[in-house]
Amino acid sequence: MAEFISHSADETVSFAAEYAKTLKGGDIVLLKGDLGAGKTVFCKGLALGLGLEDEILSPTYAYMNDYSGRLYHFDCYRLSCGEQAEGLGLTDYFYMDGICVIEWAENIASVLPSGCRHVEIAKTGDTVRRISYE
């Protein structure tokens, strides 16, 4: 995996906007990081890089936010298994043309397709983040 050190939320947004240019429709990105690491900030950058102007919010209580069918932002923190994701219809989005970004993907690992990309954000200081990606 490659690494990028971000010194601010703005740098994380800029990096994610560039990372978005490496993605294509149908890609699934598993976004890992502790609470407060900057996963939603990273998603804001992805949206910017995809040319979306929507306000990006954490989908914690909605499970998934759909941004114009081009970006699907999942938060699986409250799910305990892949079958719950299937029951909610979330797995249907894995096979559409948008880019899926999934937080807490380990909670639904049993239903994730092969070939997912991985991004991990680690908080290493007040504003410093180590972003590991492939």
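Leaving aside its neighbours within four places in sequence, which residues is Ile28 in contact with? The first view gives the answer. The model shown throughout is predicted.

**View 1. Ile28 in strand E2.** Leaving aside neighbours within four places in sequence, Ile28 touches Phe94, Cys100, Ile102, Pro113, Cys116 and Arg117. Its relative accessible area is 5%, so Ile28 is buried. His7 is 21 residues away in sequence from Ile28, and their C-alpha atoms are 26 Å apart in space.

**View 2. Ile102 in strand E5.** Strand E5 covers residues 99-103. Ile102 has a relative accessible area of 0% and is therefore buried. Beyond the neighbours within four places in sequence, its contacts include Ile28, Val29, Leu30 and Leu31. Phe74, Cys76, Phe94, Ile108 and Leu112 also contact Ile102. Val128 lies elsewhere: 26 residues separate Ile102 and Val128 in sequence, and 22 Å separate their C-alpha atoms.

**View 3. Cys76 in the loop between strand E4 and helix H3.** Strand E4 spans 71-75, and helix H3 spans 82-87. Is Cys76 buried or exposed? Its relative accessibility is 0%, so Cys76 counts as buried. Setting aside neighbours within four places in sequence, Cys76 meets Ile102, Glu103, Trp104, Asn107 and Ile108. Glu103 is 27 residues from Cys76 along the chain, yet their C-alpha atoms are 6.0 Å apart.

**View 4. Trp104 in the loop between E5 and E6.** Trp104 is one of the residues in contact with Cys76. Its phi is near 60°, a positive value in a residue other than glycine. At 16% relative accessibility, Trp104 is counted as buried, because buried means under 20%.

**View 5. Helices H1 and H2 where they cross.** Two packed helices are described by the angle between their axes and the distance between the axes. Here H1 covers residues 9-20 and H2 covers residues 39-49. Their axes come within 7 Å and cross at roughly 45°. H1 and H2 are therefore oblique to each other. The crossing is right-handed. On the H1 side, Ala9, Thr12, Val13, Phe15, Ala16, Ala17, Tyr19 and Ala20 make the contact. On the H2 side, the contact is made by Val41, Phe42, Gly45, Leu46, Leu48 and Gly49. By class, the contact has 11 nonpolar residues, 3 polar residues and no charged residues.

**View 6. The buried residues of H2.** Lys39, Thr40, Phe42, Cys43, Gly45, Leu46 and Ala47 of H2 are buried. What do the buried residues of H2 pack against? They pack against H1 and also against strands E2, E4, E5, E6 and E7. Just after H2, Gly51 has a positive phi of about 80°.

**View 7. Tyr63 in the loop between H2 and strand E3.** Strand E3 spans 64-67. Phi of Tyr63 is near 75°. That value is positive, in a residue other than glycine.

**View 8. The largest nonpolar core.** In soluble globular proteins, nonpolar side chains tend to be buried together. The largest nonpolar core of this model has 22 residues. Which of the 22 residues touch the most other members? They are Tyr19, Phe42, Leu46, Leu71, Val101 and Val119. At least two residues of this core come from each of H1, strand E2 (28-32), H2, strand E5 (99-103) and strand E6 (117-123). Another core, of 18 residues, lies apart from it. Cys100, Val111, Leu112 and Cys116 are among the residues of that other core.

**View 9. Val119 and its contacts.** Val119 is one of the residues that touch the most other members of the largest nonpolar core. Leaving aside neighbours within four places in sequence, Val119 contacts Tyr19, Val29, Leu30, Leu31, Lys32 and Phe42. Ile131, Ser132 and Tyr133 are also in contact with Val119.

**View 10. Ser132 in strand E7.** Strand E7 is made of residues 129-133. With a relative accessible area of 12%, Ser132 is buried. Leaving aside neighbours within four places in sequence, Ser132 is in contact with Met1, Ala2 and Glu3. His118, Val119 and Glu120 are in contact with Ser132 as well.

How values were computed: Residues are numbered from 1 along each chain as its sequence is written. This is a predicted model: local features need pLDDT of at least 70, side-chain atom pairs count only at pLDDT 80 or more; totals for chains, interfaces and linings use all residues. Side-chain values use heavy atoms; hydrogens and water are left out. Axes are lines fitted to C-alpha atoms, for helices over the stretch in contact, and angles run from 0 to 180 degrees between N-to-C directions. Helices (H or I, at least four residues) and strands (E, at least two) are DSSP runs, numbered from the N terminus. Angles under 35 degrees count as roughly parallel, over 145 as roughly antiparallel, 65 to 115 as roughly perpendicular and the rest as oblique. A crossing is left-handed if the near helix is turned anticlockwise from the far one by less than a right angle, and right-handed if clockwise. Contact means heavy atoms within 4.5 Å. Ala, Val, Leu, Ile, Met, Phe, Trp, Tyr, Cys and Pro count as nonpolar, Asp, Glu, Lys and Arg as charged, and the others, Gly among them, as polar. A nonpolar core is a set of buried Ala, Val, Leu, Ile, Met, Phe, Trp, Tyr and Cys residues joined through side-chain atoms within 4.5 Å. Buried means under 20% relative accessible area, exposed over 50%, partly exposed in between (1.4 Å probe, protein chains only).
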